[in-house]
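Here are my notes on this model, set out as numbered points. Please read them alongside the coordinates.

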Amino acid sequence: MARRAVEQELSRERILEAARHLFITKGYRAISMRSIGQHLGYSHGSLYYHFKEKAELFYAIVVEDFNHLGHLLLQAMVRPVRDDVSKVEHIMMEFIRFGLENPYQYEIMFMIRDEELLSYCRTEQGRCFELFASIIRQYMNEENCTEEDIQRVPRTLFLAMHGFISYYIQDRLTFVEIESSALSHVKVLCRNLGQ
């Protein structure tokens, strides 16, 4: 009975939150299931109720973060935009906002260099890009863009947003601090790409 009470108290969400923090601050390789359990004040055995191994826990974090970003992009599609911003610009700004407001998650999602961990991220990165590309292509179709542009422009925009985030994320600037620069960047991209 005591074990069941511990398992109920130690929720999957609490484990994910603690593990995300530890992976970001100490690095994936420096963290063990035991150290995550200690951080939470539980034995490492109680973590195995939710996750079989550290890699599974890491992948759950990656999936959760990509799902959150995907949800934000889909919300941006239906949210009204300001008069001076196109729908494509608005969606790009939401992507940049996510990256700068969630720098640690963004780093895990898109900037991880560890080959073992990268394999966990690549599938989700691809899904994220495909969602972004499908949204952008929908708006490009409405604007009667050429088929060649419809195929190429989403990747160019995606990589340009990632470059912007990657540049500013290292200085830990907030989205609010560089929102005007982000909007200028997005507007130049869209103008030069016919969006």
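1. Start with residues 32–51. Over this stretch the chain is 40% helix and 0% strand. The C-alpha atoms at its two ends are 12 Å apart. The range is the one that an unreviewed UniProt entry annotates as "DNA-binding region". Bear in mind that the model is a predicted one.

2. Overall make-up. The protein chain has nine helices and zero strands. Read from the N terminus, the order is α-α-α-α-α-α-α-α-α. The C-alpha trace spans about 65 × 35 × 30 Å along its principal axes.

3. Helix 4 against helix 7. Helix 4 covers residues 54–78 and helix 7 covers residues 115–142. Their axes come within 9 Å and cross at roughly 10°. Angles under 35 degrees count as roughly parallel, so helix 4 is roughly parallel to helix 7.

4. Who meets whom in that pair? From helix 4 the contact takes Ala55, Phe58, Tyr59, Val62, Val63, Phe66, Asn67, Leu69, Gly70, Leu73, Leu74 and Met77. Helix 7 answers with Leu117, Tyr120, Cys121, Glu124, Gln125, Arg127, Cys128, Leu131, Phe132, Ile135, Gln138 and Tyr139. By class, the contact of helix 4 with helix 7 holds 18 nonpolar, four polar and two charged residues.

5. Helix 6 against helix 7. These axes also come within 9 Å, but they cross at roughly 105°. The range for roughly perpendicular is 65 to 115 degrees, and helix 6 and helix 7 are therefore roughly perpendicular to each other. Helix 6 supplies Ile108, Met109 and Phe110 to the contact. Helix 7 supplies Cys121, Gln125 and Cys128. The contact of helix 6 with helix 7 divides into five nonpolar residues, one polar and no charged. Note that Cys121, Gln125 and Cys128 are also listed in the contact of helix 7 with helix 4.

6. The largest pocket. Its volume is about 290 Å³. The elements giving two or more residues to its lining are helix 2 (12–26) and helix 6 (103–110). Helix 6 provides the largest share, three residues.

7. Which residues lie nearest the centre of the largest pocket? They are Glu107, Ile108, Met111, Ile112 and Arg113, out of 13 lining residues. One of them, Ile108, is also among the helix 6 residues in contact with helix 7. By class, the pocket lining has nine nonpolar, one polar and three charged residues.

Definitions and conventions: Residues are numbered from 1 along each chain as its sequence is written. This is a predicted model: local features need pLDDT of at least 70, side-chain atom pairs count only at pLDDT 80 or more; totals for chains, interfaces and linings use all residues. Side-chain values use heavy atoms; hydrogens and water are left out. UniProt positions are given in the numbering used here, feature names are shortened, and annotations may be inferred rather than shown by experiment. Helices (H or I, at least four residues) and strands (E, at least two) are DSSP runs, numbered from the N terminus. On a 1 Å grid over the protein atoms alone, a cavity is a set of points where a 1.4 Å probe fits but cannot get out, and a pocket is an open set with protein on both sides within 12 Å along at least five of seven lines; lining residues have an atom within 4 Å of a point. Grid points are joined across faces, edges and corners, and a volume is the space filled by probe spheres set on the points. Ala, Val, Leu, Ile, Met, Phe, Trp, Tyr, Cys and Pro count as nonpolar, Asp, Glu, Lys and Arg as charged, and the others, Gly among them, as polar. Axes are lines fitted to C-alpha atoms, for helices over the stretch in contact, and angles run from 0 to 180 degrees between N-to-C directions. Angles under 35 degrees count as roughly parallel, over 145 as roughly antiparallel, 65 to 115 as roughly perpendicular and the rest as oblique. Contact means heavy atoms within 4.5 Å.
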